[in-house]
Amino acid sequence: MADSSVPRPSDLSEDSPHPSSCLPLACSQPQPRCPWKEVTVPVTSISSCYSQATTLQPCPVHSWATCHVEQCFLSWFRDQYPCRDEYYNVTWFLSWSPCPTCAKKVVEFLEEYRNLTLSIFTSRLYYFGDPNYRQGLRKLWDAGVQLDIMFCDDFEYCWDNFVDHKGMRFQRRNLLKDYDFLAAELQEILRNPMDRIDPNTFRFHFPNLLYASGRKLCFLCFQVEREDDFSYNDSDRGVFRNKVHPWARCHAEECFLSWFRDQYPYRDEYYNVTWFLSWSPCPTCAEEVVEFLEEYRNLTLSIFASRLYYFWDPNYQEGLCKLWDAGVQLDIMFCDDFEYCWDNFVDHKGMRFQRRNLLKDYDFLAAELQEILR
Ligand SMILES: [Zn+2]
Ligand SMILES: [Zn+2]
C-alpha cells in the first residue's frame, strides 16, 4: 500500500538547475511561502540561519524548479566559506533524508573540507525501500556523517531557532508518530552487513519448515570468494535481511546485488558466490539475479534455501527454473549447511551448534524442489 505522502521518483529531477531564489534566509525573515508544499530546512549552526523551502511535489506553475536543498546548501557553503582548512561543525535538520545523488555530493564535499563534521537529523526516510537510497545513507555514514532520526529535542531546537513562532510555545503533538519505526529502520540500513546475527534469530528464521508462520523476514547469508586468492577473509562474508514494512519492499537479494556491484566493480574477475537463504527467491528477485549473472560472466552462484517461498505458485516455480537455467546451483539447506552458517554467520559466543528442529520438513522440500526443477 503506497503512502500518498511519499513522493515518487519522477517528482524529483536530480539534474535541474538551482533556481535563483535559492538563497539563505535570515531567521527573522518570514520563510518563502510555497502554495503547494513547503519542506526541508537544512540548517548550519555556524551561520545565523540557512533555510530553504523547496517543493518535493510537482508544482503546477513551474515544475522544473526543483532544487534539492542539500545541494543548495553545499553551493552556498562553498561560496560563504571558501577556506577549506578551517574547522567547521555543521548540523542539518532535514524533513526528508538525502537522495543517492545528494549523498554522493555530500561525500565529495566532505573530501574537500577535511576538517568539517556534519550531523544530519532527518525527520523521515526518503524511499527507504530502495537499495540505492539505502546505499546512499550508508555512504554518508561511512564518510563519517552522524545520522539520526529527529527526536523531541531536535524538533524543539528547530522550533526555537528556525521557526518564526512569534512567541508560541513548542508542542510535540503529532511530531513523533512513527519515530520508533523510522529509528529501527535507519539502524538496519546503517548496520554493517558483515555483522553476525543473533543465535535466536537464526534458530527462529532458518528451520526447514513447510508452514513457517511469523517469519516475515528473509535472511541472506553470503560468502564471496575471488578466484585469485581463494583465501577467505571477514570482508567476504555477511548477512542481509529484507524489510518488514509492506510498502518498503527491498528484498535481501536486491540488497546483496546492489552491495556487490558497489563492492566488486570488476565484471571480468572470477567470483564464487554462495547464499544461504531462509526463503527461496521470489520471481522478481530471480529475474534480477539472472540479469546480474549476465553482467558478471565469470561468477558462479550457489543458493541453499531453507524453505521454498510459495512453492505451489507457478510464477515462483518458474522463477526458480530460470535461476537453474542460468546456471545457479539450487538446493535445500541440509545439516552441513546449517552448521556452516552457525559457525560463520551467527554470533554464537562459543555455543555449540545443535541441529534440533532445523530439518523438520527437509525431505518434503527437497523432493518438491527436485520436482520443480525437473
Ligand atoms: Zn537530493
Ligand atoms: Zn524477492
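The following legends describe close-up views of a predicted model. Local features require pLDDT of at least 70 and side-chain atom pairs pLDDT 80 or more, whereas totals for chains, interfaces and linings use all residues. Residues are numbered from 1 along each chain as its sequence is written, and side-chain values use heavy atoms, with hydrogens and water left out.

**View 1. Coordination of the zinc ion (ligand 1) by His68, Cys99 and Cys102.** His68 (ND1), Cys99 (SG) and Cys102 (SG) coordinate the ion at 1.9 to 2.3 Å; donors are N, O and S atoms within 2.8 Å of the metal (3.2 Å for Na, K and Ca), and sites may look incomplete because water is not among the atoms. His68 lies in the segment before helix 1 (69-80) and Cys102 in helix 2 (residues 100-112), so the pair ties together parts 34 residues apart in sequence. Helices (H or I, at least four residues) and strands (E, at least two) are DSSP runs, numbered from the N terminus. His68 is buried at 9% relative accessible area, and Cys102 is buried at 1% (buried: under 20%; exposed: over 50%; partly exposed: in between; 1.4 Å probe, protein chains only).

**View 2. Coordination of the zinc ion (ligand 2) by His251, Cys282 and Cys285.** The donor atoms are ND1 of His251 and SG of Cys282 and Cys285, at 1.9 to 2.3 Å. Their spacing in sequence is H-x30-C-x2-C. Cys282 is buried, with 5% relative accessible area, as is Cys285, with 1%.

**View 3. The open, mixed sheet of 5 strands.** The strand order is 5-4-6-7-8, where pairing requires at least two DSSP bridges between two strands. Strand 5 (237-241) and strand 8 (329-332) stand at the edges, each with a single partner strand, so one side of each has no neighbour in the sheet.

Conventions:
Chains are lettered from A and ligands numbered from 1 in the order in which they are written.
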